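Student: Please take a close look at one part of this model, beginning with a single side chain and its surroundings. Give the cut-offs with the terms as you go.

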Amino acid sequence: MTTRTGTLLAELHGAEEALAREFHRVAERQAADHGTHYPCLTLAGRCEEHAARLRAAAGRRGQDLSAPHHSETLAHLVDAARQKSSGRRGHHISAGRLLLRDLRHLFLAAQEVSLLWLLLGQVARAVRDQELLDDVEELHRETLGQIRWLTTRLKNAVPQVMATAD
């Protein structure tokens, strides 16, 4: 594996893990909004699976991409605090604006991940690595599905938030 391919795998791995963390954060901040909370948890899991697949792909090429190390106790405490806070904000006027901000940040992060998948796919084609290309095509499709969900969620939320009086 070329160093550049390894660098791109590592960058994409980090971006997938960051996107998973952000989906988890948004899910907790939006706990009162079930139409956002549960899909974000599902999409976070998909990003974590993508990161695991990238670790395996890198491992097959002699590169070690370590799994994330999280403190479970601290994570549970932070999640509980976010969920409690979200419940209080759920009916507050700024909750809609917070939702839009969260969705915009997720959308941009998912776009970055998509771009990295596109670049890795081009590299896989150039070096004729069919196994890597197969992974890239499958996982990039899933990322594009995440972007479609975010786009739809934004389109539905914007009129409700921005067209209502403060």
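**One helix and its partners**

Tutor: Leaving aside residues up to four places away in sequence, Leu 106 touches Leu 19, Glu 22, Phe 23, Val 26, Cys 40 and Leu 150, where contact means heavy atoms within 4.5 Å. The model is predicted, with local features needing pLDDT of at least 70 and side-chain atom pairs counted only at pLDDT 80 or more, while totals for chains, interfaces and linings use all residues. Residues are numbered from 1 along each chain as its sequence is written, and side-chain values use heavy atoms, with hydrogens and water left out.

The protein chain has 5 helices and 0 strands; both kinds of element are DSSP runs numbered from the N terminus, helices being H or I with at least four residues and strands E with at least two. Helix H4 covers residues 95–126, 32 residues in number, and spans 47 Å from its first C-alpha to its last, close to the expected 46 Å. That expected span is 1.5 Å times one less than the number of residues.

Leu 106 is among the residues with the most contacts inside the largest nonpolar core, which has 36 residues; Leu 12, Leu 19, Phe 23, Trp 117, Leu 120 and Leu 132 are also in that group. Such a core is a set of buried Ala, Val, Leu, Ile, Met, Phe, Trp, Tyr and Cys residues joined through side-chain atoms within 4.5 Å. H1, H2 (34–60), H4 and H5 each give two or more residues to this core, and H4 gives the most, with 10 residues. In soluble globular proteins, nonpolar side chains tend to be buried together.

H4 also has a nonpolar surface residue. Leu 115 lies in H4 and joins Leu 118 and Leu 119 in a nonpolar surface patch with about 260 Å² of accessible area together. Areas come from the Shrake-Rupley method with a 1.4 Å probe, and for residues only the protein chains shown count as cover. Patches take residues with over 30% relative accessible area and no salt bridge, joining like charges within 9 Å and nonpolar side chains (Val, Leu, Ile, Met, Phe, Trp, Tyr) within 5 Å. Leu 115 counts as partly exposed at 47% relative accessibility; buried means under 20% relative accessible area, exposed over 50%, and partly exposed in between (1.4 Å probe, protein chains only). One position further on, the C-alpha of Leu 116 is 7.9 Å from that of Glu 11, although the two are 105 residues apart along the chain. Glu 11 lies in helix H1 (residues 3–29) and is partly exposed at 43%.

Charged pairs come next. Arg 101 and Asp 102 meet in a salt bridge of 3.2 Å, N to O; the term means a side-chain nitrogen of Lys or Arg within 4 Å of a carboxyl oxygen of Asp or Glu. Asp 102 is buried at 1% relative accessibility, whereas Arg 101 is partly exposed at 35%. Both belong to a salt-bridge network that also links Glu 22, Arg 25 and Arg 29. Glu 22 appears here and among the contacts of Leu 106. The whole structure has 14 salt bridges.

Just after H4, Arg 128 takes a positive phi of about 55 degrees, although Arg 128 is not a glycine. Arg 128 sits in the loop between H4 and helix H5 (130–162) and is exposed, with a relative accessible area of 77%.
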